[in-house]
Amino acid sequence: GYSDTATNILSAAAGTYTNTVYTSGTAIDCTAGNNTNLTFANLLIDRIGQWRNTIGWDGNSVSGVAITAWGPSGLTVTNCEITKVGLTGLGIYAYPNLLNCLVTDCYFHDNIRWSIDVSINQSGGIIDGLTITKTRLLNLNAFGGDFQGSNGDGLHQNYIFLRTVGETTPWTNVFITRCLFGDTNAHPAGGGGTGAIFLSQGPSANIYNNVFAHNWSACGAIAIGYVSTTANAQVVRIFNNAFYHDSSPCLGIAQDTNRQMYVMNNIFAATPLLTNNIQVDLNIDPGCYPLVLDYDVFYSPYFSVGTRQVYIGHAPFTLASLQTNMNFETHGFWANPLLNNPAPPALDCNIATNSPVIGMGTNLSAYFTTDYAGNPRPATGKWTIGAFEVPGTNQPAGGPSVQLRSSSLTITNGGS
């Protein structure tokens with residue numbers, strides 16, 4: 001693809017495409033199907049396809065793929081850095097099955113529309129076993145600079161995109177854990193984009209111990225949308241995550257009667273840049289509410305406990321009215337969680353040793369037993385709310401153990 005300083009890139013300055021060179025390209029193409037026990041390790045994939053265009057996405061103007069695998073079973077992608085590939089960083093597709101795949105200790109950044117795309121390319125199979133862990137997804141809004149043309153910045157951008165494309169394929173044993181989603185720049189901006197994690201039309205997922213800090217998304221850090229088409233009910237567990245958001249709600253949940261959703265032990269904190277008072281947007285019609293919404297902490301530097309901060313079914317609720325009228329957040333509360341240094345570029349959402357969230361969460365050891373940094377959580381008794389159980393242990397989420405050419409950050413291995 002183009003070099004970092006190329007000037008002959010796609011441009012809408014004249015109203016039409018002025019260059020169509022490098023319109024596509026795939027670094028590693030495994031689309032024949034039946035891909036068993038593939039391992040991709042210690043790779044740098046950089047500058048693929050039309051990654052530097054300045055035309056808003058229209059389905060064709062953004063192209064380039066780092067790794068694509070159809071019908072994977074036992075796929076492992078580890079310690080890879082993927083950047084400036086345009087369309088998709090890692091595409092994993094059921095063909096007809098997707099079984100026991102692992103993405104760990106990777107780093108996706110800069111100019112990628114979908115960092116990880118998981119979907120179905122053949123009917124009749126199953127998705128069973130996908131873990132995405134200890135992985136950084138950062139600065140994706142550097143997507144080619146200022147977009148021009150009729151589509152503007154409408155990139156339909158997602159950091160992790162799980163989608164059924166209308167198929168009935170069941171999804172089971174899908175885990176997104178110990179990942180960092182964010183932007184190290186001072187003022188993320190743009191248009192389009194659905195969520196850091198977007199679940200479309202019914203994928204089930206377990207979302208534990210992640211940090212969402214200063215990331216751009218239009219509909220929510222976690223967005224769940226469209227009516228499910230899967231054969232099984234959509235089960236979504238959102239446990240022990242830390243949200244420090246300023247561009248959209250922490251959660252954006254569209255209606256669906258076939259969804260079972262559990263939300264517990266999360267920190268929902270707004271940054272000083274967020275000047276509205278929406279903390280959590282549960283955009284769900286009556287009858288489609290989460291089965292459990294409890295043990296969460298809410299905070300904004302601008303608004304008090306008496307100010308509305310939760311939207312359900314387009315209606316604003318104070319925390320007190322949510323507890324009284326909706327029977328949610330019986331154990332939830334409003335408090336400054338005392339995050340260490342969550343603003344860019346640090347994005348450190350660990351907590352101070354005197355944080356009020358310590359020991360205030362429910363025990364979820366039936367689901368997982370460690371925190372974001374890999375520290376153990378108690379087998380019995382109360383847990384700490386948020387991604388960190390033990391204050392002061394801000395182990396990075398992952399990424400290659402190299403000095404990156406495109407960043408001043410040294411990314412170290414994420415541990416076990």
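In this predicted model, the sulfur of Cys 80 finds its closest cysteine sulfur in Cys 106, at 4.7 Å, which is too far for a bond. A disulfide would need the two sulfur atoms within 2.5 Å, and the structure as a whole holds zero disulfides. Cys 80 is nonetheless well covered, since its relative accessibility of 1% counts as buried. Cys 106 is also the nearest cysteine neighbour of Cys 179, with the two sulfurs 9.5 Å apart, and Cys 179 likewise takes part in no disulfide. The relative accessible area of Cys 179 is 0%, so this residue is buried.

With the cysteines settled, the overall architecture can be introduced. The protein contains 36 strands and one helix. Of its 416 residues, 57% are buried. The accessible surface amounts to about 14,700 Å², and carbon and sulfur atoms account for 51% of that area. For anyone thinking in terms of contact maps, a helpful figure is that 76% of the contacts between residues at least 6 apart in sequence join residues at least 24 apart.

The strands offer a natural way into the fold. Ten of them form an open sheet with parallel pairing, in the order S4-S8-S11-S14-S17-S20-S23-S26-S29-S32. Strand S4 (44–46) and strand S32 (333–334) are the edges of this sheet, each pairing on one side only. Within the sheet, strand S23 (residues 242–245) runs parallel to strand S26 (residues 267–270), and four bridges join the two. One of the residues involved is Ala 242, whose bridge partner in S26 is Ile 267.

Strand S12 also deserves a closer look. Parallel to S12 runs strand S9 (residues 86–94), and seven bridges connect this pair. Here Ile 92 stands opposite Val 118 of S12. S12 pairs as well with strand S15 (residues 158–163), again in the parallel sense, over four bridges. In that pairing, Asp 117 faces Phe 161 in S15. Nine of the nine residues of S12 are buried, so the strand is largely enclosed by the rest of the structure.

How is the nonpolar interior organised, and which residues have the most contacts inside the largest core? That core has 67 residues, and the ones with the most contacts inside it are Ile 160, Leu 162, Phe 181, Leu 251 and Leu 322. Strand S12 (residues 112–120) gives the most to this core, contributing four residues. A second core, separate from the largest one, comprises 22 residues, among them Ala 213, Val 297, Leu 339 and Val 357. The surroundings of Phe 181 illustrate the packing in more detail. Leaving aside residues up to four places away in sequence, Phe 181 touches residues including Leu 137, Leu 138, Tyr 159, Ile 160 and Ile 176. Further contacts of Phe 181 include Ala 196, Ile 197, Val 211, Phe 212 and Ala 213, as well as Asn 210 and Asn 215.

Charged pairs complete the picture. Side chains of opposite charge can pair when their charged atoms come close. How many salt bridges does a search of the whole structure find? The search finds four, including the three described here. In one of them, the side chains of Asp 46 and Arg 47 meet with an N to O distance of 3.7 Å. Asp 46 is buried, at a relative accessible area of 18%, whereas Arg 47 is partly exposed, at 29%.

Another salt bridge brings together the side chains of Asp 105 and Lys 134, at 3.4 Å from N to O. Asp 105 sits in the loop between strand S10 (98–104) and strand S11 (107–109), and Lys 134 in the loop between strand S13 (127–133) and strand S14 (136–138), so this pair ties together parts that are 29 residues apart in sequence. Asp 105 and Lys 134 are both buried.

In a further salt bridge, Arg 377 is joined to Glu 389, with the closest N and O atoms 2.7 Å apart. Arg 377 and Glu 389 both lie in the loop between strand S34 (348–351) and strand S35 (402–403), so the pair ties together parts that are twelve residues apart in sequence. As with the preceding pair, both partners, Arg 377 and Glu 389, are buried.

Terms used
Residues numbered from 1 in each chain as written. Predicted model: local features only at pLDDT ≥ 70, side-chain atom pairs only at ≥ 80, totals over all residues. Heavy atoms only, no water. Buried < 20%, exposed > 50% of the residue type's maximum accessible area, 1.4 Å probe, protein only. Contact = heavy atoms within 4.5 Å. Areas by Shrake-Rupley, 256 points an atom, 1.4 Å probe, with all protein chains shown as cover. Core = buried A, V, L, I, M, F, W, Y, C linked by side-chain atoms within 4.5 Å. Pairing = 2+ DSSP bridges.
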